[in-house]
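Hi everyone, thanks for coming. Take a look at the structure on the screen, and I'll walk you through its empty spaces, its chain contact and its annotated domains.

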There are 2 protein chains.
Amino acid sequence: MVDIATRVHNHNWKIDPIVRSLIDTDFYKLLMCQSIFRNKPETTVTFSLINRTAEVRLADLIDEGELREQLDHVRSLSLSRGESTWLRGNMFYGKRQMFRPDFMEWFEGLRLPPYHLEKRDGQYELTFEGSWPEVMLWEIPALAVLMELRSRAVLKGMGKFELQILYARAMTRLWEKIERLKSLENLRIADFGTRRRHSFLWQDWCVQAMQEGLGAKFTGTSNCRIAMKRDIEAIGTNAHELPMVYSALAEDDEALAQAPYQVLADWHEEHDGNLRIILPDTYGTEGFLRKAPDWLTTWTGIRIDSGDPAAGAETAIRWWTSRGEDPAQKLVIFSDGLDVEKIEELHRQFRGRVKVSFGWGTMLTNDFRGLAGDRLAPFSLVCKAVSANGRPTVKLSDNPNKAMGPKDEIARYKRVFGVGEQAAMDVTV
Amino acid sequence: MVDIATRVHNHNWKIDPIVRSLIDTDFYKLLMCQSIFRNKPETTVTFSLINRTAEVRLADLIDEGELREQLDHVRSLSLSRGESTWLRGNMFYGKRQMFRPDFMEWFEGLRLPPYHLEKRDGQYELTFEGSWPEVMLWEIPALAVLMELRSRAVLKGMGKFELQILYARAMTRLWEKIERLKSLENLRIADFGTRRRHSFLWQDWCVQAMQEGLGAKFTGTSNCRIAMKRDIEAIGTNAHELPMVYSALAEDDEALAQAPYQVLADWHEEHDGNLRIILPDTYGTEGFLRKAPDWLTTWTGIRIDSGDPAAGAETAIRWWTSRGEDPAQKLVIFSDGLDVEKIEELHRQFRGRVKVSFGWGTMLTNDFRGLAGDRLAPFSLVCKAVSANGRPTVKLSDNPNKAMGPKDEIARYKRVFGVGEQAAMDVTV
């Protein structure tokens, strides 16, 4: 039986909204937002879309009117009662609420601030300017909207059965990956793929496939909306934007050198010692760890997000050992450039030596390579803080191809953080 | 929105019926039924299920109660008004109704006769006895029920995502076949897969995929229900059961030798010279054509249904040429053991020399080889007339592995029809 009411309702949609909830975002954005809301609420920042894959000409593929409709729809969203309840119910080990009442009250009243959109050279210049805790929440929905509009643009010309086969192939591909991962003993892996997903429904399918295929080896998703909907754990800690903005705000070189540690000191205090994962690569992992204060060695673990991941993990292990910590008690989270081969390799190399966990992103939620030619292949789109209180931000990372910021500032940061030669690696996703 | 009424309705089903319509059957069964109804209505026949793939132990896989429920459901079916209208509206080139009013009136009142079911050695013995025009209509629903109950038995243990991936793989496989077939110029291909289908819904999907993928190269389906539902042409002519029963009824060797030609004389008269496709292999193609009366050479074409198909087509071409007919004006329908490679090969070999058409069966609607291990692989199940008016039927075909009947009768038929050595070929489907 056709449900006539549903059918008529569907006809009444003005658009098919891509982002339908303010918590269709990464959990760590909310954790960071709360920290910023408390510690740096007055900071003014600019976030900007950056397409590192120039050959994907987004402004040629995506209609500007459709893009504006989607972004306007995001601005119309506010936290629902159920979403608020779910956020308030998230606890640290059942002991303390993750989100404080003052933050929740602020979040419940929030609408996302305006955006600025222009076309240039076949690309969209999309920027967001304003108060840091508000603007930073644009990152994930902006990426999700652009990624999915690009998918829709490619899918538009395809027939019903072509579409069915396209998804049949993508599903089969992911399932074969899951079947390989299933055999890895003590695997712990989470979905980190919101920002690069092919579409919302596809990410939701991928999460369900991971649930059924991997059981307890699948530890959760970074996407709050899907975590809530599918009754699984929301996963996340912190990201580069914290040290990038803290560093941009530093008044001199000395303050700059201390900024990344100040981030983690605030973080520690904010969360009463929970969520203690170090992200050391913003200005070079080696230097960060060498100069790190002793209290950081007691943290739970490290997330490796750029450079050669095995080398990064070995560096972390050496550091813990040199500071008298037992690496076997520490957690290493790999979250950059992962696919099944790499996961198997890292799992083999590090299991038993440290606690290993994987945050699987693009190749989980957007592996459409070779399907529809390469017109649906993932590409490298980010949305980053480019300035804070009028000063440019800088990111070096462990891969010079991921470096961001004005040339002279990059040089200054390299000097201050003692970053020497770095091995360049392709940034594909 | 969940359609609550639909959901509640679904809960009220006692069974999920496999065959839901008397015209969920092959078109040629109805054409033959009409011919039998007119020419041999008093004949008593026995039809019997024969599983040529002994290692598929159907009685171990399929619950007897479920099988009986499905067969009882088939017995509860009668022709609906819309089905009757559709049948009455089928015309020969817009000139004459295919189905005569007296036949339609009889068919509208029909319920299928009782069945007899027993278990033996891990197999079901399923037989139907009674008036030929009634009993013969059991063939396709009986096969469809057993094929689909076997599929269901295997699928029962699979999870939701396993199932989705299973069908994703099967869909991708068929679509890749269709993409290959698409490039064959002037291809004409129809679905002949009802009797060996994985399930009704799967056959229906396969037909839609052929429609979208092949366009005008897809000429129709043998399944009346799907032809009606999908607004495409129903395809079919005649089958071995006519010469088998006519031959069993023959009083002596002389009458036996003439029986296969008598079938076609009746057929010709029945259809006013339409649907004139010769099926020559029941007792050996070579002998049948050699001794054929001249009026048969003017028929439209030949269907090749056993033996080496290329050899069969070459035999037909030689025969037409020797009788002064132009093979280029004749139709050759290949309908045995087809998959893409074979279709490509035959298309290459015969296009331009004759009009070529393909009736694609098992490997269209049931290619689940290697999916779910081989537990869903197609197998060779048939339902045949084994006796008529108390006398055993015999089939020789162009492949001794497809021969049927008592040993002494096979010897007698070989003598009467002058069949010598035959090349044995595996019967897989």
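Let's start with a term: on a 1 Å grid over the protein atoms alone, a cavity is a set of points where a 1.4 Å probe fits but cannot get out, and lining residues have an atom within 4 Å of a point. Grid points are joined across faces, edges and corners, and a volume is the space filled by probe spheres set on the points.

Before the results, a word on the model. It is predicted, so local features need pLDDT of at least 70 and side-chain atom pairs count only at pLDDT 80 or more, while totals for chains, interfaces and linings use all residues. Residues are numbered from 1 along each chain as its sequence is written, chains are lettered from A in the order in which they are written, and side-chain values use heavy atoms, leaving out hydrogens and water.

Now, how many cavities of 30 Å³ or more does the structure hold? There are 7. The second largest has a volume of about 60 Å³, and its lining includes A:Val19, A:Phe107 and A:Pro141. That lining divides into 8 nonpolar, 2 polar and 1 charged residues. Here Ala, Val, Leu, Ile, Met, Phe, Trp, Tyr, Cys and Pro count as nonpolar, Asp, Glu, Lys and Arg as charged, and the others, Gly among them, as polar.

The largest cavity holds about 100 Å³ of space. Of its 13 lining residues, B:Pro243, B:Pro260, B:Leu279, B:Thr282 and B:Phe288 lie nearest the centre. By class, 10 are nonpolar, 3 polar and none charged.

Next, where the chains meet. Chain A and chain B each give 23 residues to the contact, meaning heavy atoms within 4.5 Å. Together they bury about 2,000 Å², 62% of it on carbon and sulfur atoms; buried area is the accessible area (1.4 Å probe) that two parts lose on being put together, summed over both. Between the chains we count 4 salt bridges, each a side-chain nitrogen of Lys or Arg within 4 Å of a carboxyl oxygen of Asp or Glu. A:Arg169 forms one with B:Glu179, with the closest N and O atoms 3.8 Å apart.

Finally, the record: an unreviewed UniProt entry places "domain: Nicotinate phosphoribosyltransferase N-terminal" at residues 23–146 of chain A.

Notes:
UniProt positions renumbered as here; feature names shortened; annotations may be inferred. 1 Å grid on protein atoms, 1.4 Å probe; cavity = no way out; pocket = protein on both sides within 12 Å on 5 of 7 lines; lining within 4 Å.
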